[in-house]
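Let's take a walk through this chain together, one piece at a time. Keep the sequence and the 3D view side by side as you read.

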Amino acid sequence: MNQFIEDLLRPHVLDTALDDGYTAMAADQERETEAQAWCNALLADMTAVETAILIHLGMPG
């Protein structure tokens, strides 16, 4: 029942342009590769900051 209502109402309350845009971006392999590299670099930076904070606080990393 919930799925029926969602399928019925979704086209009237949500603009699919955003979904279409995300689909197009995901299909761009070069952009996806760059985005993945950026995310991995951000994670590495966050991990380094966390480790530095733990060392500063005298806690095991």
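Leu 8 sits in helix H1, which covers residues 2-13. Bear in mind as you look at this helix that the model is predicted. Leu 8 also belongs to a nonpolar patch on the surface, together with Met 1, Phe 4, Ile 5, Leu 9, Val 13 and Leu 14. Taken together, these residues offer about 750 Å² of accessible area.

How many helices and strands does the protein chain have in total? There are 3 helices and 0 strands, and reading along the sequence gives the pattern α-α-α. After helix H1 (residues 2-13) come helix H2 (17-27) and helix H3 (29-56), with a loop between these two that holds Asp 28.

Now step back to the overall form. For a compact globule of 61 residues, you would look for a radius of gyration near 10 Å, but the protein chain has 21 Å. Along the principal axes, its C-alpha atoms fill a box of roughly 55 × 35 × 15 Å. What share of the 61 residues is buried? The answer is 0%. The accessible surface of the protein chain amounts to about 5,600 Å², and carbon and sulfur atoms account for 64% of that.

Next, have a look at helix H2, where you will find Met 25. Is Met 25 buried or exposed? Met 25 counts as partly exposed because its relative accessibility is 28%, and the partly exposed class runs between the 20% limit for buried and the 50% limit for exposed. From Met 25 you can also trace a long line through the model: Leu 57 is 32 residues away in sequence, and the two C-alpha atoms are 42 Å apart in space.

Just past helix H2 (17-27), in the loop before helix H3 (29-56), comes Asp 28. With a relative accessible area of 35%, Asp 28 is partly exposed. On the surface, Asp 28 gathers with Glu 30, Glu 32 and Glu 34 in a patch of negative charge.

Follow helix H3 onward and you come to Thr 51. Thr 51 is partly exposed, since its relative accessible area is 34%. If you draw a line from Thr 51 back to Met 1, which is 50 residues away along the chain, the C-alpha atoms turn out to be separated by 49 Å.

His 56 is in helix H3 as well. Why does His 56 count as exposed? Its relative accessible area is 70%, and exposed means over 50%. To finish the tour, connect His 56 with Asp 28: they are 28 residues apart along the chain, and 42 Å separates their C-alpha atoms.

Key: Residues numbered from 1 in each chain as written. Predicted model: local features only at pLDDT ≥ 70, side-chain atom pairs only at ≥ 80, totals over all residues. Heavy atoms only, no water. Patch = residues over 30% accessible without salt bridge, like charges linked within 9 Å, V, L, I, M, F, W, Y side chains within 5 Å. Areas by Shrake-Rupley, 256 points an atom, 1.4 Å probe, with all protein chains shown as cover. Salt bridge = Lys/Arg side-chain N within 4 Å of Asp/Glu carboxyl O. Lys, Arg positive; Asp, Glu negative; His and termini not counted. Charge placed at Lys NZ, Arg CZ, Asp CG, Glu CD. Helix = DSSP H or I, 4+ residues; strand = E, 2+ residues; numbered from the N terminus. Buried < 20%, exposed > 50% of the residue type's maximum accessible area, 1.4 Å probe, protein only. Rg over C-alpha atoms; globule rule 2.2 N^0.38 Å.
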